[in-house]
Structures are given as C-alpha cells and as structure tokens.
Amino acid sequence: MKAFQVNAPLDYAIAEVEAPRAASGEVLVKVAFAGICGSDMHIIHGDNAFVRFPRITGHEFAGTVEAVGEGVENVDIGARVCIDPVVSCGRCYPCRIGRPNVCSALQVIGVHRDGGFEEWVNVPAANVHLLPEGLGLEAGALVEPYSIAANVLERMQPLRGDRLLIYGAGVIGLTILQMARALGIEDITVIDLIEERLATARELGATRTWHGKEDVEAAARELTGGEGIPLIADAACVPALLPQMLRIASPAGRIGLLGFNPTPSDLVQLEVIKKELTLVGSRLNNRKFPEVLERMAAGRLDPLALVSHRLAFDDMPGAIDMLDHHPERARKVLIGIGADTGA
Ligand SMILES: [Zn+2]
Ligand SMILES: [Zn+2]
C-alpha cells in the first residue's frame, strides 16, 4: 500500500509499505481523507522531539472500518469513522484524574505511532468515533482541529458575556472562533499579521479584527473602557507575545496557551498576581470528539470553510513544499487518500 513516510527531517516521499492487519483490540481503517496540520510540518522539519523516524504522520483523518481485531465490539465493518489521536495508558496520575491527553505515557497517532497518511491504518478501538448520519468523511477528517479548540476553550472557563480575543487566524485560530460562537460567546476579536486571514475571520463571524501591526493594547483599552479582555486564546504561539497578553487581559482573566515552542517568554509575575490571571496550557484534546461531532452534525460548525486545497495523495509532497514556502496561501489542505477529491 501507499504511505506518506518521513524517513528523516526533510526526507519524505510516498512510499510502498506493507499494509497493517487489525491487531487485537484495534480497528483497521481504510483512510478516505486526511488533513495536513502545522504539527505535521514540525515533524517533517525534525522539530518534534517525540518522533522516531521513519514515521507515517497524519493525526487528522477519517475513513471506513475495513476489519476489526479480536475483542472489538464498539464498531462494525463498513462504519464511517474519525479517529481521536490521543492514546493514553489509563493508569498514570493524569489518566487517573481524568486528564488522559497529558498521560505520562502518551502515544499520539501520527506522532509516536503511524498515522493517517496511508491507505490503511490500525488504531485502538477506543479511539474510533462513528460519524453521525449526514456528516461526510471530509468533515470527519476535520474533527481533530476542532477538538483542540473545544479543549482550550473549556480550559479557559468562559462565562456568559465574556469577550474573547484570539491571537492568530490560522486554522486553529479559526476553529477556536467557530467553536466559541457555537458556545455562545458573542464578542470575538481576532488578531493576525496577514490581511487575507483576517478577512476569513470576519467571514466566519469575528466581531472585529485587528492587524498585529496596530497598537492592539490601545485598541483593547478603547474597546473595553480600560477594563481589559477576560478571555485570550493564543493560537499564534509566538512566545514574545505573552507579555502583551498579560497587559491586555482583564483582572481575573484567563489565557489559554497552545504553543509548543521551547523559547522562553518574559513573563512579568506582577501582572499575573496583581490581576490574579489564570494561564492554562492546552494539549491535544481531552475526549472532545463527541462534543465536536454533535455540534458539526447540528450545523453549528462549518468545517469545510477551513479547506483551501483538496489534493490527491500523489500530490502530497508538492503540498508540503507549498506549505513550506507559501504558508499564507493555504488554510487546511485536505488529502484524498482512498477517496476522490475531484482534484
Ligand atoms: Zn493537528
Ligand atoms: Zn496515562
């Protein structure tokens, strides 16, 4: 079968590899669509310390069940499914207190083990979620980025009437925007440096957008009469912006952080303590797939609006090259693996 394999940093190709078979407790999925994520790009560049090469990446995908291993009873052959990439041990401290997405022995499908950029992939049965009737396989491949949004918003504990500021109008910023609207957050500002992305944010319902080159601190003061903004989500993931977020946040504000960057930030303790700010990290998702699927099926999220490119599997190396050199040209790139993209 064909697989997109990363052999070493910046050494990748569509390769011929042996097809997996459904192992005990696992489900063999025939992949239909898979999305390329910024974190796939980090793996391809060798910037993810958890990855051992060679690796078949891809953690945003959907397909149909081809076979089930021994003991699997939650899913039938032929079912249309999407896959939560978080595989946890169930025994460690975070698992015991209901936080399996930060399991001490975390295995992420497409990072620590092979993922969805292949024609067939084996995944634990517990990670498979049925697509509701009427929800397509393309949308199914996009559940994972919304699970990131659902997770960070839950970590930020929004209250009725809270304003939200989102840094970054890339795909994750846009999923946070859509999910926040679905949760009933009404006043949402989005900041980015790329005008096209800001236009997309406005199309998808942002109340207003600010260009990062503006004096956003002054704009925030003016907007709130000096009160500050209670909810700030960081989907720009630029460590140097954290001090600004602390200044923009209102007292008792909550800041959700998603960056995976080892560079230190200049965090001013005084800002945190005098305002009693809450800074929360958010990693992957803590069992958010059912909630995302429910909201998608109800038409409260618009996943296909995120898709800028639909490409055939053989065109994937070219897509990686495009994302490397012209990231501003793309939102979500969806790869048709066992399904026709019409491309
Ligand atoms: Zn991702
Ligand atoms: Zn664990």
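Lys288 has a short list of partners in this predicted model: apart from its neighbours within four places in sequence, Lys288 is in contact with Ser147, Ala150, Asn151 and Glu154. With Glu154 there is also a polar contact, side chain to side chain, at 2.9 Å. Lys288 sits in the loop between β16 (278-281) and α10 (289-297), and its relative accessible area of 7% makes it buried, since the cut-off is under 20%.

**The chain as a whole**

- The protein chain has 11 helices and 18 strands.
- Its radius of gyration is 20 Å, close to the 20 Å from the globule rule for 343 residues, so the chain is as compact as a globular protein of that length.
- Measured out along the principal axes, the C-alpha trace spans about 60 × 45 × 40 Å.
- Just over the halfway mark is not a bad way to picture burial here: 53% of the 343 residues count as buried.
- Take the contacts between residues at least 6 apart in sequence, and 70% of them join residues at least 24 apart.
- The accessible surface comes to about 15300 Å², and carbon and sulfur atoms account for 49% of that.

**The zinc site**

- Which residues hold the zinc ion (ligand 1)? Cys37 (SG), His59 (NE2) and Glu60 (OE) coordinate it, at 2.1 to 2.7 Å.
- Read along the chain, these donors follow the spacing C-x21-H-E.
- Cys37 comes from the loop between β3 (26-36) and α1 (38-44), while His59 comes from the loop between β4 (55-56) and β5 (61-68), so this pair ties together parts that are 22 residues apart in sequence.
- Are Cys37 and His59 buried or exposed? Both of them are buried.

**Aromatic pairs**

- How many aromatic pairs are there? The count comes to 3.
- Phe4 and Tyr12 have ring centres 5.5 Å apart and planes at 40 degrees, so the pair is tilted.
- Phe4 has 0% relative accessibility, which is why it counts as buried.
- Phe4 and Tyr12 also belong to a cluster with Phe117, linked by ring pairs.
- Phe50 and Phe260 make another tilted pair, at 6.4 Å centre to centre with 55 degrees between the planes.
- Phe50 is in the loop between α1 and β4 and Phe260 in the loop between β15 (249-257) and α9 (269-275), so the pair ties together parts that are 210 residues apart in sequence.
- As for accessibility, Phe50 counts as partly exposed at 40%, and Phe260 is exposed with a relative accessible area of 58%.

**Around Gln5**

- Gln5 is placed in strand β1 (residues 2-8), and a relative accessible area of 16% makes it buried.
- The side chain of Gln5 makes a polar contact with the side chain of Asn7, at 3.1 Å.
- Setting aside neighbours within four places in sequence, Gln5 is in contact with Asp11, Tyr12, Ala13, Ala15, Val17, Pro54, Arg55 and Ile56.
- Two names on that list turn up elsewhere in this briefing: Tyr12 is in the ring cluster, and Pro54 is part of a cis peptide bond.

**Backbone oddities**

- Most residues other than glycine have a negative phi, and most peptide bonds are trans. The next few spots are worth a look with that in mind.
- Where is the cis peptide bond? It joins Phe53 and Pro54, with omega at about -5 degrees. Pro54 lies in the loop between α1 and β4.
- Glu276 is not a glycine, yet it has a positive phi of about 50 degrees. It is found in the loop between α9 and β16, and at 65% relative accessibility it counts as exposed.
- Leu284, also not a glycine, has a positive phi of about 50 degrees. Its loop is the one between β16 and α10, and at 17% relative accessibility Leu284 counts as buried.

Definitions and conventions. Residues are numbered from 1 along each chain as its sequence is written. Chains are lettered from A and ligands numbered from 1 in the order in which they are written. This is a predicted model: local features need pLDDT of at least 70, side-chain atom pairs count only at pLDDT 80 or more; totals for chains, interfaces and linings use all residues. Side-chain values use heavy atoms; hydrogens and water are left out. Donors are N, O and S atoms within 2.8 Å of the metal (3.2 Å for Na, K and Ca); water is not among the atoms, so sites may look incomplete. Helices (H or I, at least four residues) and strands (E, at least two) are DSSP runs, numbered from the N terminus. Buried means under 20% relative accessible area, exposed over 50%, partly exposed in between (1.4 Å probe, protein chains only). Rings of Phe, Tyr and Trp (its six-membered ring) pair if their centres lie within 6.5 Å; planes under 30 degrees apart count as stacked, over 60 as edge-to-face and the rest as tilted. The radius of gyration is taken over C-alpha atoms; the globule rule is 2.2 Å times the number of residues to the power 0.38. Contact means heavy atoms within 4.5 Å. Accessible areas come from the Shrake-Rupley method with a 1.4 Å probe; for residues, only the protein chains shown count as cover. A polar contact is a pair of N or O atoms within 3.5 Å; within protein, one must be able to donate a hydrogen and the other to accept it, and residues adjacent in sequence count only if both atoms are side-chain atoms.
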